[in-house]
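Hi,

Here is the structure I promised to pass on. Have a look at it first, and then read my notes below.

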Amino acid sequence: MTETPTTENQRAGFAAIIGAPNAGKSTLVNRLTGTKVSIVTQKVQTTRFPVRGIAMQGDAQIVLVDTPGVFTPRRRLDRAMVASAWAGAEDADVVVHLIDAASHIASEGKDGSAADRRSAEDTETIIANLKATGTRVILALNKIDGMRRDTLLALSQTLFETGVYSEVFMISALSGDGVEDLKTRLALAMPAGPWLYPEDQSADVPLRVLAAEITREKVYLRVHEELPYSAAVETTAFDEKGDGSVRIEQTIYVERESQRPIVLGKGGQTLKWIGQKSREELNVLLDRPVHLFLTVKVDARWQDSRALYAQFGLDYDV
């Protein structure tokens, strides 16, 4: 039986993971914690607020700040997300800059997509900011599966020469390759002190916010082709019932009337699928029966809603 460490040899602190959108930050947080605390979809910019995943490694408790992707902001929501990402990094004891290695290499060749080039530009923006602030961070090259070692070493050397990295790890957040070594390094970076959370807790996210994120993941999984990045989910009611079940009411916001039938689907089938998949996951996550009720509303100005920003812990006035 493993003994619970005493306060004398406990360590605890914050590790921020920054990177361009779709670098794999949420997948890495989920891998490090061994549970699902950040939504993962094929849409970029799916993480809108710093989800804190809690990873245990020996005597160390690593509180992971899963930040929104850092990119060139264009709208109010963009500015709030990027500000949140940098704030998460500034408050952390250690920072990991996660880069999609395959995408970065592809961006330099003629076969690279526009998304690859955008990702590389966002990475340059992050490096420039780190240089300007004199911040040294850990570099983690992600999605290395199937890549040639000499190609990875060359990329690592080029990035290392920018002077902003103290060390480099090559990982696959998806398969877990190299992640344990990174986790050990993060544990060593945690300052001595008592744990900040109970040992069996894996996330520090209000349940109503996590519930909204899970439903939003299902929205994008089902309609990511038809629906641009223009939907939000708000949990409007979260009531625990006497029989142990939970009644959750949520509103899915879209920007235009033409997007409403996309989310509803023919005969309401798409919304029914979203609700069913979200409810199934919430049943497991909350370990009790969940009664989920979804409504779709059109609000062209949902991105200007102070209440939604507050729900996700973002600063509306950035």
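Asp150 seems a good place to start: the residue is partly exposed, with a relative accessible area of 44%. Its salt-bridge partner is Arg148, and the closest N and O atoms of the two are 2.8 Å apart. Arg148 itself is exposed, at 57% relative accessible area. Before I go on, please keep in mind that this is a predicted model.

Now the overall picture. The protein has 318 residues, and 51% of them are buried. You will find ten helices and nine strands in it. If you take the contacts with a separation of 6 or more, 71% of them are between residues 24 or more positions apart. The accessible surface is about 14800 Å², and carbon and sulfur atoms account for 49% of that.

Back to charges. Side chains of opposite charge can pair when their charged atoms come close. How many salt bridges does the structure hold? The count is eight, and besides the Asp150 pair with Arg148, a couple of others are worth a look.

One of them sits in helix H7, which covers residues 207–223 and contains both Arg216 and Glu213. These two are three residues apart, about one turn of the helix, and their side chains meet in a salt bridge at 2.9 Å, N to O. Are they buried or exposed? Arg216 has a relative accessibility of just 1%, so it counts as buried. Glu213 is buried as well, with a relative accessible area of 4%. Both values fall under the 20% cut-off for buried.

The next one is Arg288 with Glu240, whose closest N and O atoms are 3.0 Å apart. This pair links distant parts of the chain: Arg288 is in the loop between H9 and S9, while Glu240 is in strand S7 (residues 231–240), 48 residues apart. At 22% relative accessibility, Arg288 counts as partly exposed, whereas Glu240 is exposed, with a relative accessible area of 53%. There is also a network in which Glu217, Lys218 and Glu281 are joined by salt bridges that share partners.

Some more on Arg288, since you can follow its surroundings on screen. Its loop runs between helix H9 (269–286) and strand S9 (290–298). What does Arg288 touch, leaving aside its neighbours within four places in sequence? The contacts are Leu207, Glu240, Gly244, Val246 and Asn283. Asp243 is 45 residues away from Arg288 in sequence, yet the C-alpha to C-alpha distance is 9.8 Å.

Two other spots to check:

- Arg247 has its charged end over the ring of Phe293, 4.0 Å from the ring centre. As for aromatic pairs, the count comes to zero.
- Lys143 has a positive phi, near 60 degrees, in a residue other than glycine. You will find Lys143 in the loop between strand S5 (137–142) and helix H5 (149–160), and the residue is partly exposed, with a relative accessible area of 30%.

That's what I have for now. Shout if anything is unclear.

Cheers

Technical notes. Residues are numbered from 1 along each chain as its sequence is written. This is a predicted model: local features need pLDDT of at least 70, side-chain atom pairs count only at pLDDT 80 or more; totals for chains, interfaces and linings use all residues. Side-chain values use heavy atoms; hydrogens and water are left out. Helices (H or I, at least four residues) and strands (E, at least two) are DSSP runs, numbered from the N terminus. Buried means under 20% relative accessible area, exposed over 50%, partly exposed in between (1.4 Å probe, protein chains only). Contact means heavy atoms within 4.5 Å. Accessible areas come from the Shrake-Rupley method with a 1.4 Å probe; for residues, only the protein chains shown count as cover. Rings of Phe, Tyr and Trp (its six-membered ring) pair if their centres lie within 6.5 Å; planes under 30 degrees apart count as stacked, over 60 as edge-to-face and the rest as tilted. A charge sits over a ring if NZ of Lys or CZ of Arg is within 6 Å of the ring centre and within 35 degrees of the ring normal. A salt bridge is a side-chain nitrogen of Lys or Arg within 4 Å of a carboxyl oxygen of Asp or Glu.
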